[in-house]
Amino acid sequence: MSAGGEARVQALDEVLDQAEARTASSDQGLLANLAATVTGAPREAEMAALPGELFAVVDALDSSVTLRRALTDPSTPEEGRRRLVHTLLDGRVGKVCVHVVEEAVGLRWGGGRALADALERQGVRAQLVVAERAGNLDETEDELFRFARLVESTPAVRDALSDRAVTLEGRRSLVQDLLRGRASDTTAVLAQRAVAARERTFAHTIEGFVELAAAQKNRVLATVRVARPLTADQRSRLQSSLSRQVGREVLLQEVVDTDVLGGIRVELGDEVIEGTVAGRLEQARRLFG
C-alpha cells in the first residue's frame, strides 16, 4: 500500500477509535447513559451493532459498481459525497456507522474497491472491540489463527474456500458449518468475512485479522515455525526476547512445520528471523556455493 493509502487508512482508524473511546467513557450506568444522550456519545448497544452495519455497507458496495463510483468519484465535490451517505444511510443504520462511512467518503481513495476494503477493516476492528469488551479477544485471536492453519493444512477445505465457482454465501456457509460449536461467535463472523479474501487469499486475510486483534491490545504478532512444540520455558524466553527487541508485548503464534528440520523461524511483520537448519544451510550455500 502506498504512503497515501496508509495515511487514509490510519485516518479512518482514528475515526473509529474516537467513537469507541467516547462509548467507553460514557458506559457507566444510567446517569452516564443520560449524559451520553445529551452529548451525542454513542451508546454501548450502538457500538455492538456497528460491525454488522459496516459489513452490510461493504456488501452493498461490493455488489454495486454504480454505488462505488458515486461514493468515490473525484469529480463529485466532497460535500456531495457526504450528502449521498446521509441520503442512503440515515435512519437505516446507527449514527456511528453513518459517521464512519461519511468520513471515509471524504477521503480520496484509488477507487471503489479501496473504499470497500477500508470499511471492511473498520468492521473487523469494530468486531474486535466487541470481543474485547466481552472479555474474549485473546480467545478470538487464537481461534482465528488455528482455523487459518487448519484450512491451509487441509487441501480439500482450502480449495473449497477459494473456489470462485461457488457463491460467496455458499463458502461462508461452509465456514459456519466448520466452526459451529467449536468457536466463539466473533471468530465465526470474522472467519466468514475472511472468505472474501480481500488480501489475496483466505489465509492472508485472516492473518491480517489476527494482526488487528493483536494491535487492539498494542501487541505485535509473531509467527514462530518450529520442528517440534516449544516448551513453556522456551516460549517465555522467546517472547521476552522479542518483546525487548520491538519495544512492545509480542503475541506468539506457534506453528509446528514439517519443513523445519530443526531450530526456529520467526516471522515478525515483514521481518524474518531465520534460525532453522535449512535456513542456515541455504545461507551457507549462497556464501560458498
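Q: What phi does G247 take, just after helix 13?
A: This is a predicted model, so local features need pLDDT of at least 70, side-chain atom pairs count only at pLDDT 80 or more, and totals for chains, interfaces and linings use all residues. Residues are numbered from 1 along each chain as its sequence is written, and side-chain values use heavy atoms, with hydrogens and water left out. Helices here are DSSP runs of H or I with at least four residues, strands are runs of E with at least two, and both are numbered from the N terminus. Helix 13 is followed by G247, and its phi is positive, near 80 degrees.

Q: How far apart are the end C-alpha atoms of helix 13?
A: Helix 13 covers residues 232-246, which makes 15 residues. The expected span is 1.5 Å times one less than the number of residues, so it should come to 21 Å here. The model agrees, with the end C-alpha atoms apart by 21 Å.

Q: How wide an arc do the buried residues of helix 13 cover around the axis?
A: Buried means under 20% relative accessible area, exposed over 50%, and partly exposed in between (1.4 Å probe, protein chains only). In helix 13 the buried ones are L238, L242 and S243. They sit on the same side of the helix, because their arc (taken from the directions from the helix axis to the C-beta atoms) is only 130 degrees.

Q: Which exposed residues are on the face of helix 13 turned away from its buried side?
A: Just turn the helix so that its buried side points away from you. The opposite face carries two exposed residues, R237 and R244.

Q: Which residues does V246 touch, leaving out those up to four places away in sequence?
A: V246 belongs to helix 13 and counts as partly exposed, because its relative accessibility is 32%. Its C-alpha lies 8.3 Å from that of V220, a residue 26 positions away in sequence. Counting contacts as heavy atoms within 4.5 Å, V246 touches V220 and L268.

Q: Which element supplies the largest share of the lining of the largest pocket?
A: On a 1 Å grid over the protein atoms alone, a pocket is an open set of points where a 1.4 Å probe fits, with protein on both sides within 12 Å along at least five of seven lines, and lining residues have an atom within 4 Å of a point. This one is lined by 42 residues, with R121, E199, G208, E211 and L212 nearest its centre. Helix 1, helix 7, helix 12, strand 1 and strand 3 each bring at least two lining residues. The largest share, ten residues, comes from helix 12.

Q: Which strands do the buried residues of helix 12 pack against?
A: Helix 12 has a long list of buried residues, including F202, I206, F209 and L212. On the helical side, they pack against helix 7, helix 8, helix 9 and helix 11. Their strand partners are strand 1 and strand 2.

Q: What is the phi of N218, just after helix 12?
A: Helix 12 reaches 21 Å from its first C-alpha to its last, close to the 21 Å expected. Just beyond it comes N218, with a positive phi of about 60 degrees.

Q: Which residues does D13 touch, not counting those up to four places away in sequence?
A: D13 sits in helix 1 and is buried, because its relative accessible area is 10%. Its contacts are R121, Q122 and R125.
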